[in-house]
Amino acid sequence: VTPEELILAQAQELRRGTVVLACLALLEQPQYGYALLETLDTAGVAVDGNTLYPLLRRLEKQGLLRSEWNTEESRPRKFYRVSPEGAQVRAGLMREWQSLVAAVSRLSKENG
Amino acid sequence: MSARSLTNRYVHEVVRRVPADQRHDLADELRTTIADTIEARGADDRDATEREVLTEMGDPTQLAARYADRPLALIGPELYSRYVRLLAILLTTVLPVVTVAFVVLDVLDNKDLGAAIVTAVTVVFTLGPQLIAWPTVIFAIVERSRHRRGVVAHDSTWTADDLPDDLPEPDRHGAAACVWALFDALLVGLAVRQHIAKPYRLELADGSSRQMQVLNSDLWSGWIWPVLVGLCGARGAQPDPVRREQVERHPRHLVRRGPGGVRAAAGLDPLPPHLLRAGRPGGRERTGLEDPGRVLHRRGVDRARRRREAGGQALPRGTRSPPADR
């Protein structure tokens with residue numbers, strides 16, 4: 001196992017939870033699956049479709065997202081947006097994220 | 001889009017594996033998502049792009065499992081250790097006991113050795129798979145229902161009181177245990193043989209002779225077989241007296257050599273208090289067998305004391321653990 005492979009595997013672990021946070025942050029505006037994937041990709045949050053699409057439905061089932069079919073355009077699409085509960089969870093996760101970043105940067109500074 | 005298009009077949013493969021009430025909605029969403037993706041690739045060759053996109057989406061069974069939020073393991077890591085422990089117990093206790101019981105019944109029916117072996121093999125190969133299959137089915141059902149209820153956290157918290165009361169027994173005493181077991185088997189075997197072979201010849205006054213058992217044949221009532229089996233079982237279940245004596249009389253010796261003791265001596269693990277107790281006044285002779293009731297009683301006392309220690313209460317002199325450097 002090369003160091004590069006190890007970094008890749010560990011980085012995947014690190015990113016796993018951040019996709020939820022990124023989705024909750026982005027879906028303040030209603031968005032459909034593929035467009036969300038593209039937005040996340042350009043923002044630097046790499047995620048596969050077969051991970052993101054089931055995740056959206058799971059978050060909806062948990063009540064953090066709401067969905068609506070938009071049939072105005074040529075192709076009907078399912079749009080997701082954050083529910084009030086989702087906004088609450090996002091605020092909590094954001095606090096957690098900030099304190100993690102602060103803690104890690106403090107630790108790395110202390111140890112050289 | 002034809003009904004037999006790649007996308008439709010893919011979507012069908014996914015949605016038929018999710019709960020029925022989600023199928024329609026999920027199929028619509030998947031189809032538009034796939035179409036969006038194909039379109040965004042700017043396809044010259046639409047079929048090739050469709051193939052490429054579906055390949056990237058991956059195995060429909062796995063995608064369906066993600067949508068259905070189903071575990072992809074029969075028994076997850078939370079239950080796995082308990083599952084393995086149960087299987088080990090069943091296969092090392094229940095299976096041998098039942099097999100021996102059936103063989104004994106065969107012997108009681110005066111069947112020959114061949115028939116008894118056939119019975120033993122049959123029991124092992126019919127009961128064994130059952131003992132594996134049923135716990136597996138039950139654990140898989142429990143795993144599914146836990147997942148459905150969303151139980152992801154530990155539902156039972158482990159405390160230090162759950163530790164086994166004894167240190168693992170050092171391997172070098174395994175030989176002694178084997179010798180004891182062989183000795184017991186020999187005694188039981190001799191008792192059975194003198195009954196069957198009648199090795200003793202009695203000369204009668206009229207010059208004729210008669211084969212006799214060594215032991216009083218009245219002892220050989222119909223209950224003798226259950227009694228023998230019970231004796232074997234009791235012997236097997238009893239802690240080895242030699243080993244237990246050494247644990248109590250020479251704690252330091254074990255601390256150095258025993259597998260748990262190495263870690264304890266290195267300060268990694270706490271030592272169980274009963275290992276650290278000083279030798280009893282006067283010491284006890286090696287009496288061979290020890291009353292199992294006393295062993296159980298002492299274990300109960302040990303456990304009660306450890307609980308008191310955990311409660312932070314002061315202990316009577318002499319029972320407090322010595323410093324860690326012992």
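Me: Two strands pair if DSSP finds at least two bridges between them. With that in mind, how do you know that S1 and S3 of chain A pair?

Reply: Happy to start there, with the note that this is a predicted model. S1(A) and strand S3 (residues 77–82) are joined by 2 bridges in the antiparallel sense. The rule asks for at least two bridges, so S1 and S3 of chain A count as a pair. One point to look at is A:Gln31, which stands opposite A:Tyr80 in S3(A).

Me: And what makes S2 and S3 of chain A a pair?

Reply: Here DSSP gives 6 bridges between S2(A) and S3(A), again in the antiparallel sense. The requirement is at least two, so S2(A) and S3(A) pair by the rule. Within this pairing, A:Glu68 faces A:Phe79 of S3(A). S2(A) and S3(A) also form a hairpin, with 6 residues between them.

Me: In which order do the 3 strands of the chain A sheet lie?

Reply: The order is S1-S3-S2, in an open sheet with antiparallel pairing. At the edges are strand S1 (31–32) and strand S2 (65–70) of chain A, each of which pairs on one side only. As general background, the strands of a sheet pair through backbone hydrogen bonds.

Me: Why is S1 of chain A, residues 31–32, called a strand?

Reply: A strand is a DSSP run of E with at least two residues. S1(A) runs over 31–32, so S1(A) qualifies as a strand.

Me: How many of the 6 residues of S3(A) are buried?

Reply: The count is 5 of 6, and S3(A) is described as mostly covered. To be called buried, a residue must have under 20% relative accessible area.

Me: Now a loop residue: why is A:Gln62 called exposed?

Reply: Its relative accessibility is 51%, and the cut-off for exposed is over 50%, so A:Gln62 counts as exposed. You will find A:Gln62 in the loop between helix H3 (49–61) and S2 of chain A. Its C-alpha atom is separated by 9.1 Å from that of A:Gly86, 24 residues apart along the chain.

Me: What makes the contact of A:Glu13 with A:Arg16 a salt bridge?

Reply: Their closest N and O atoms are 3.4 Å apart, and the limit is within 4 Å, so A:Glu13 and A:Arg16 form a salt bridge. Both residues sit in helix H1 (residues 3–26) of chain A; being 3 residues apart, they are separated by about one helical turn. At 48%, A:Glu13 falls in the partly exposed class, whereas A:Arg16 at 52% is exposed.

Me: How do you know that B:Arg16 and B:Glu13 form a salt bridge?

Reply: The closest N and O atoms of B:Arg16 and B:Glu13 lie 3.3 Å apart, which is within 4 Å, so this pair meets the definition too. B:Arg16 is partly exposed at 43% relative accessibility, and B:Glu13 is partly exposed at 28%.

Me: What about B:Arg31 and B:Asp28: why is theirs called a salt bridge?

Reply: The N to O distance is 3.7 Å, and with the limit at 4 Å, B:Arg31 and B:Asp28 therefore count as a salt bridge. They are 3 residues apart in helix H2 (residues 20–40) of chain B, which puts about one helical turn between them. B:Arg31 is partly exposed with a relative accessible area of 29%, and B:Asp28 is partly exposed with 27%.

Me: Which side chains make a salt bridge at 3.2 Å, N to O?

Reply: That one is between A:Arg57 and B:Asp25; 3.2 Å is within 4 Å, so the rule is met. The count between chain A and chain B is 6 salt bridges. A:Arg57 and B:Asp25 also belong to a network of salt bridges with A:Glu60, A:Lys78 and B:Glu29.

Me: Which elements of chain A give two or more residues to the side that touches chain B?

Reply: They are H3 and S3 of chain A. H3(A) gives the most, with 7 residues. By class, this side of chain A has 7 nonpolar, 2 polar and 6 charged residues.

Me: How many residues of each chain are in contact?

Reply: 15 residues of chain A are in contact with 19 residues of chain B. The area buried between the two chains is about 1,700 Å², with 50% of that area given by carbon and sulfur atoms.

Note on methods: Residues numbered from 1 in each chain as written. Chains lettered and ligands numbered in written order. Predicted model: local features only at pLDDT ≥ 70, side-chain atom pairs only at ≥ 80, totals over all residues. Heavy atoms only, no water. Helix = DSSP H or I, 4+ residues; strand = E, 2+ residues; numbered from the N terminus. Buried < 20%, exposed > 50% of the residue type's maximum accessible area, 1.4 Å probe, protein only. Contact = heavy atoms within 4.5 Å. Buried area = accessible area lost by both parts, 1.4 Å probe. Nonpolar A, V, L, I, M, F, W, Y, C, P; charged D, E, K, R; others polar.
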